[in-house]
Amino acid sequence: MITSISLSRSGYGLFKHSQCLNNTFNTIRYFATEAPKEIKDAKASYFVRTRGSCKSAGIVGLPNIGKSTLFNALTSSQAAMAANFPFCTIDPNIGLVTVPDERLDHISKMLNTKSKVTTQLEFVDIAGLVKGAADGEGLGNKFLANIRQVSLIVHLVRCFEDINITHVHNGELSPVKDIETIETELILADLQSLEKIIAEQKKKMTPEQALRHELAKRVVKALEGGTMARDVVIEEKEWPAFHSLHLLTSKPMLYTCNVGEGDAATGNKYTEMVKEFSRRQGLEMDPVVVSAKIESEVALLESEEMKTEFLQLYGLTHNGLSKVINGARRLMGLQSYYTASEKECRAWTIPVGTKARQAAGVIHTDFEKGFIKADTIAYQDFIDCNGDDKLAKERGKQRSEGPLYEVKDGDVMFFKFN
Ligand SMILES: Nc1nc2c(ncn2[C@@H]2O[C@H](COP(=O)(O)OP(=O)(O)OP(=O)(O)O)[C@@H](O)[C@H]2O)c(=O)[nH]1
Ligand SMILES: [Mg+2]
């Protein structure tokens, strides 16, 4: 059994101390997208984004650090119990979260539309993990199984000081140590499942089984050398086998620093530590800073004016949730296109790389089947033409796109179908 892992300052270093391990949501549909021709192999994270079915974001972290508070803020509810004791959450809370979208707001205002329909993203509030979770500590295996089901990890890190709120690691606040505790458990859980796959070696394996087996060995080596599964370089043809390994460390990760009210606008020394750590790990996106407490209070205010006033008290101009939601979407490889008329303007979620025909299918399968063409205006051109499609056409800004057109983020589209 692996008994200890050390996460060194320069990255992850793994030390084995004994013998080897023995042991419809939201009308979003997902489509395989072609890798650019030049991509023969890439980090697994590329394939996670472009080939995976990115569906939900899981809030993960130590117990009693504000995960349920953040979840309640995101869902503008008090659906999750948030209280000052570890393991307050046992069963995951699942909620659909409205995706804040300034472009949609702008289109809606400009056209004076009767209704505005935002898109949504599923968030899951997961129970706290503790050291030893991979070996079942603190109901660890059950919680790890909950993490396995989400597509992206929002890793919440305590960056607020409050002696009244119990910290499972007694002593000085140490966000990097907290992160290492969680990530060590994710690595150990992956190593356990990989070792099981390796142990299943049969005399005669199908080519698929042989590839899976070989990949499992390669990822074990990478994890032991301090590389997360998401950073392992794989070939495109290896992706299905890699995907079938269902590894926790292959999921994109967004560090989210939970700070006290006074630090919401500026961050603090702890958020700087997380930022530096994140850069050392080579994560694709810098950590985001929020105050779950402020956000959970703002979310319950009724009017936009009240929300703005409340945020201003803390030197904030926007709520911080947009950074978490849109950061998660970006890491998941999701983007929006719009449909707009005076009656309704609406955002639709598609994975980056989706072609026009399949994008139309997100609205209705008939649009996909009977697709003829998509009159398309880039967002900025749409705004520059005051939302007037005739003017856009005159200016040559409206393009008539066929089924194989790769939809761009922000495109405003009018589908023709029979
Ligand atoms: N001072 C302070 N307290 C906070 C902040 N965020 C959350 N808390 C408090 O911390 C306690 C735990 O919050 P929860 O949201 O239940 O934490 P959790 O991570 O979901 O906890 P578990 O479900 O037990 O893992 C509650 O008393 C919250 O009010 C914060 O930014 N500042
Ligand atoms: Mg909780």
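These notes walk through a predicted model, point by point.

1. **The chain as a whole.** The protein chain has 418 residues, and 53% of them count as buried. Its fold contains 15 helices and 14 strands. About 19,900 Å² of the chain is exposed. Carbon and sulfur atoms supply 51% of that area.

2. **Who surrounds the ligand.** Look for ligand 1 next. It is surrounded by 22 residues. The closest are Lys 67, Thr 69, Phe 87, Cys 88 and Asp 162.

3. **Polar atoms at the ligand.** Three distances are worth checking on screen, each to an oxygen atom of ligand 1. For Thr 69, a polar side-chain atom lies 2.5 Å away from such an oxygen. For Asn 64, the atom is a backbone N or O, and the distance is 3.0 Å. For Val 259, a polar backbone atom is 3.4 Å from an oxygen of the ligand. How much of ligand 1 does the protein cover? On its own, the ligand has 660 Å² of accessible area, and the protein covers 93% of it.

4. **Aromatic pairs.** The whole structure holds 9 aromatic pairs. One of them joins Tyr 46 and Phe 47. Why is this pair called edge-to-face? The ring planes stand at 85° to each other, and over 60 degrees counts as edge-to-face. The ring centres are 5.2 Å apart. Both partners are buried: Tyr 46 has 16% relative accessibility, and Phe 47 has 0%.

5. **A tilted pair between a strand and a helix.** Tyr 255 and Phe 277 also form an aromatic pair. Their centres are 6.3 Å apart, and their planes meet at 50°. That angle makes the pair tilted, because it falls between the 30 degrees that bounds stacked and the 60 degrees that bounds edge-to-face. Tyr 255 lies in strand E8 (residues 253-258), while Phe 277 lies in helix H8 (residues 269-281), so the pair ties together parts that are 22 residues apart in sequence. Tyr 255 is buried, at 2% relative accessibility. Phe 277 is buried as well, at 1%.

6. **A cluster and a charge.** Five rings form one aromatic cluster: Tyr 337, Phe 367, Phe 371, Phe 415 and Phe 417. Elsewhere, a charge sits over a ring. The charged end of Arg 103 is 5.8 Å from the centre of the Tyr 379 ring.

7. **Two buried residues with charged or polar names.** Find Glu 122 in strand E5 (residues 120-125). Is Glu 122 buried or exposed? It counts as buried, because its relative accessible area is 14% and the cut-off is under 20%. Gly 58 is 64 residues from Glu 122 in sequence, yet their C-alpha atoms are 8.6 Å apart. Now find His 213 in helix H6 (residues 207-224). His 213 is buried too, with a relative accessible area of 5%. Beyond its sequence neighbours up to four places away, His 213 touches Ile 197, Ile 198, Gln 201 and Met 205.

8. **A loop lysine.** Lys 355 is in the loop between strand E11 (344-351) and helix H12 (356-363). It counts as partly exposed, at 22% relative accessibility. Which residues does Lys 355 contact, leaving aside neighbours within four places in sequence? They are Pro 403, Leu 404, Tyr 405, Glu 406 and Val 407. Val 407 is 52 residues from Lys 355 along the chain, and their C-alpha atoms are separated by 5.7 Å.

9. **Positive phi angles.** Two residues deserve a look at the backbone. Asn 112 has a phi near 50°, a positive value in a residue other than glycine. It lies in the loop between helix H3 (102-111) and strand E4 (115-117). Asn 112 is exposed, with a relative accessible area of 64%. His 246 also has a positive phi near 50°, and it too is a residue other than glycine. Its place is in the loop between helix H7 (239-243) and E8. His 246 counts as partly exposed, at 47% relative accessibility.

Notes. Residues numbered from 1 in each chain as written. Chains lettered and ligands numbered in written order. Predicted model: local features only at pLDDT ≥ 70, side-chain atom pairs only at ≥ 80, totals over all residues. Heavy atoms only, no water. Helix = DSSP H or I, 4+ residues; strand = E, 2+ residues; numbered from the N terminus. Buried < 20%, exposed > 50% of the residue type's maximum accessible area, 1.4 Å probe, protein only. Phe/Tyr/Trp six-rings, centres within 6.5 Å; stacked < 30°, edge-to-face > 60°. Lys NZ or Arg CZ within 6 Å of the ring centre and 35° of its normal. Contact = heavy atoms within 4.5 Å. Near = heavy atom within 4 Å. Polar contact = N/O pair within 3.5 Å; in protein donor to acceptor, adjacent residues only side chain to side chain. Areas by Shrake-Rupley, 256 points an atom, 1.4 Å probe, with all protein chains shown as cover.
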